[in-house]
Amino acid sequence: MKKIILLGYMGCGKSTIAQNLSKITNIPFLDLDNCIEKKTNLSIKEIFEKHGEIYFRKLEHEMFLELIQSSENSIIGLGGGTPCYANNHLLLQRDDLTSIYLKASIDTLYNRLVHNKSKRPLIANMEEEEMKEFIAKHLFDRSFYYNHAQHKVVVDNRTVDETVQDILEILA
Ligand code: S3P
């Protein structure tokens, strides 16, 4: 069976959806950010603070390669920026993976992120207005990379269960 890669902007629901998909399919879920945190013994926030974003992107690329090259069957949840650096977007098209972009609108993302920004260094210190503009521009810039996924699932106005069903149909 192919490894399943879930990707999309911060707040699109990658981890929650992956956990639910994992329960239903019995395929283990690996969260890329958690794997980096375990390996470095630092939180993502601490990595950004101590070593900067460029260093984080290097770790992220290395961990992405490690996870897709392992022989374990898995559902892999990427970080929101993973496809957008180090040509990682090209890896989304590998034949031995099923990559799925969880697509959310600016409003959905803003409403979810406005109360969940503290662990996310890119937006942690932003005021609400600034954050909305940032998400709009950032999502626009990143869409090019996200659109390299083999499949796309729109998550706006959908429950987690409905989205998991959409994914199961892709996998069937
Ligand atoms: C990032 C998203 C985060 C995490 C890091 C950078 C990004 O993951 O990898 O803070 O560049 O969008 P989530 O999408 O799980 O929040």
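In this predicted model, helix α3 (residues 44-51) packs against helix α4 (residues 53-69) at an angle of about 130 degrees, and their axes lie 7 Å apart. That angle makes α3 oblique to α4. Ten positions are treated below in connection with the ligand, among them M10, K14 and D33, followed by the sites that UniProt annotates as "binding site" in an unreviewed entry.

**Packing of α3 and α4**
- From α3, the residues I47, F48 and H51 take part in the contact, and they meet E53, Y55, F56 and L59 of α4.
- Sorted by class, the contact of α3 with α4 comprises five nonpolar, one polar and one charged residues.

**Surroundings of the ligand**
- The residues around the ligand are M10, K14, D33, I44, G79, G80, G81, R120, P121 and L122.
- This shell holds four nonpolar, three polar and three charged residues.

**UniProt "binding site" at D33, R57, G80 and R142**
- The unreviewed UniProt entry assigns the feature "binding site" to D33, R57, G80 and R142; D33 and G80 also appear among the residues around the ligand.
- R57 belongs to helix α4 and is partly exposed, because 17 C-beta neighbours fall inside 10 Å.
- Beyond residues up to four places away in sequence, R57 touches Y85 and A86.
- G80 sits in the loop between β3 (75-77) and α5 (88-91).
- G80 has 22 C-beta neighbours inside 10 Å and therefore counts as buried, the threshold for burial being 20 or more.
- When neighbours within four places in sequence are set aside, G80 is in contact with G8, Y9 and M10; of these contacts, M10 is listed around the ligand.

**UniProt "binding site" at G11 to T16, R120 and R158**
- UniProt also lists, as "binding site" in an unreviewed entry, G11, C12, G13, K14, S15, T16, R120 and R158.
- These positions span 148 residues in sequence and their farthest two C-alpha atoms are 24.0 Å apart, so they do not all gather at one spot.
- G13 is located in the loop between β1 (3-7) and α1 (14-25), and it is buried, with 21 other C-beta atoms within 10 Å.
- Apart from its neighbours within four places in sequence, G13 contacts L102, V155 and V160.
- R120 occupies the loop between α6 (106-113) and α7 (128-146).
- With 18 other C-beta atoms within 10 Å, R120 is partly exposed.
- K14 and R120 are also included in the set of residues around the ligand.

How values were computed
Residues numbered from 1 in each chain as written. Predicted model: local features only at pLDDT ≥ 70, side-chain atom pairs only at ≥ 80, totals over all residues. Near = placed C-beta within 6 Å. Nonpolar A, V, L, I, M, F, W, Y, C, P; charged D, E, K, R; others polar. Axes fitted to C-alpha atoms, helices over the stretch in contact; angles between N-to-C directions. Helix = DSSP H or I, 4+ residues; strand = E, 2+ residues; numbered from the N terminus. Parallel < 35°, antiparallel > 145°, perpendicular 65-115°, else oblique. Contact = placed C-beta atoms within 7 Å. UniProt positions renumbered as here; feature names shortened; annotations may be inferred. Buried ≥ 20, exposed ≤ 12 C-beta atoms within 10 Å, placed from the backbone.
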